[in-house]
Amino acid sequence: MSLKHADSLKGKTAIAGIGATEFSKDSGRSELRLAAEAVGAALDDAGIAPSEVDGLVTFTMDTNPEISVAQACGIGDLTFFSRVHFGGGAACGTVTHAAMAVATGLADVVVCYRAFNERSGRRFGSGVLEREPSAEGVAIGWNMPYGLLTPASWVAMFAQRYLHVYGASTEAFGHVAIADRQHAANNPAAYFHGKPITMEDHQNARRIVEPLGLLDCCQETDGGQALVIVSAERAKDLKQKPAIINAAAQGAGRNQEMMTSFYRDEMTGLAEMQVVAKQLWQTSGLTPDDIQTAVLYDHFTPFVLMQLEEFGFCGRGEAPGFVADNNLLKGGKLPTNTHGGQLGEAYLHGMNGIAEGVRQIRGTSVNQVDDVHNVLVTAGTGVPTSGLILGQA
């Protein structure tokens, strides 16, 4: 992966299995058990025995060490294990690491997982409560005296600037939330199954940090999600239709910080996602017109607008008009977050979004888009991040 040339990963690996626990607000069990359940479900989905797994990848934030998950799942010797930093930005990065391991022969079967009790246990939305001293913490610390203590407050700074520069209203955010919740309403696995919202609901929702309301913010979830990565050749002989990894990338922009990159030349875009976009288009050989559906990381609605612009689905400042034309819904130009996203289905740091990308390729989504050949999936925004383009075999 490079900004200077395409990499050599295209088409060599595939996601062959997906598995998850239920998504709840109180799982009633340990995070290790959630991880083991998700990994077991993903392996069952792929038709692969735990004894065949020789690689594991997760997030630095995950409390379940690779060796503990291996023991809990009956996995034997590991030849590859890895963790990716930066919270939700790691999601597609775990698949990138797994794909590199498989493509280079470091491992044959790699499972990526994320599991937490993020609602009944540590709630990330509570913001900075206490943390060990670090260079990263110092950067965030410069903003704390001014009340910027939570993810919502950090994103609100970018959101307010975007509205000001482009003369948009918060109804643009509302169209993102409405599309997510409409998709979730059809998804039995979604926490908000059967509970769509209207623009009136969005506009009248309790204020969190201006200009963000409650319905602009992702939910908090207990649960686990896992993905099985193997070679594209091996995937052809397994139980499920494979989702070929046609491009995988990570990216951090110039002057990057964790959610507080307020001192760049402009605050209306996502430089880190632009780095990812350039690599994905370059390696896949595709353009925005070749994407039938997308899973765009939606921990907060404003960053979905910025991602649409960074990937070239519309011009700078044009995302409010793009979403107002119902383009995020099935039948629109880019059906987005057809599982309901993190606003509607569950907040699993984006891993459930990758699973939805796989379902769209398989043709098994509850909100299946017609004739899907290529799916774009992104990870966390405002942080060093990652992305994937999945395709048909």
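**Briefing: a pocket and an open sheet**

The second largest pocket has a volume of about 360 Å³. The model is predicted. Its sheet is open and has 9 strands with mixed pairing. Helix α9 links the two topics: α9 gives the pocket the largest share of its lining, and α9 also packs on the sheet.

**The second largest pocket**
- The lining of this pocket consists of 17 residues.
- Nearest the pocket centre lie G253, R254, R264, A271 and Q274.
- By class, the lining holds 7 charged, 6 nonpolar and 4 polar residues.
- Helix α9 supplies 4 of the lining residues, the largest share.

**The sheet**
- The strand order is β3-β2-β4-β7-β1-β8-β11-β10-β9.
- β3 (80-84) and β9 (293-295) each have a single partner strand, so one side of each has no neighbour in the sheet.
- From one strand to the next, the twist averages 25°.

**Pairing of β2 and β4**
- Strands β2 (residues 55-59) and β4 (residues 110-117) run parallel and are joined by 3 bridges.
- V57 has C112 in β4 as its bridge partner.

**Helices on the sheet**
- Helix α2 (residues 66-73) packs on the sheet and touches β2, β3 and β4.
- The direction of α2 makes about 125° with that of β2.
- Helix α9 (residues 271-284) packs on the sheet too, touching β8 (243-251), β10 (374-378) and β11 (385-391).
- The direction of α9 makes about 145° with that of β8.

Note on methods
Residues numbered from 1 in each chain as written. Predicted model: local features only at pLDDT ≥ 70, side-chain atom pairs only at ≥ 80, totals over all residues. Heavy atoms only, no water. Pairing = 2+ DSSP bridges. Axes fitted to C-alpha atoms, helices over the stretch in contact; angles between N-to-C directions. Contact = heavy atoms within 4.5 Å. 1 Å grid on protein atoms, 1.4 Å probe; cavity = no way out; pocket = protein on both sides within 12 Å on 5 of 7 lines; lining within 4 Å. Points joined across faces, edges and corners; volume = space filled by probe spheres on them. Nonpolar A, V, L, I, M, F, W, Y, C, P; charged D, E, K, R; others polar.
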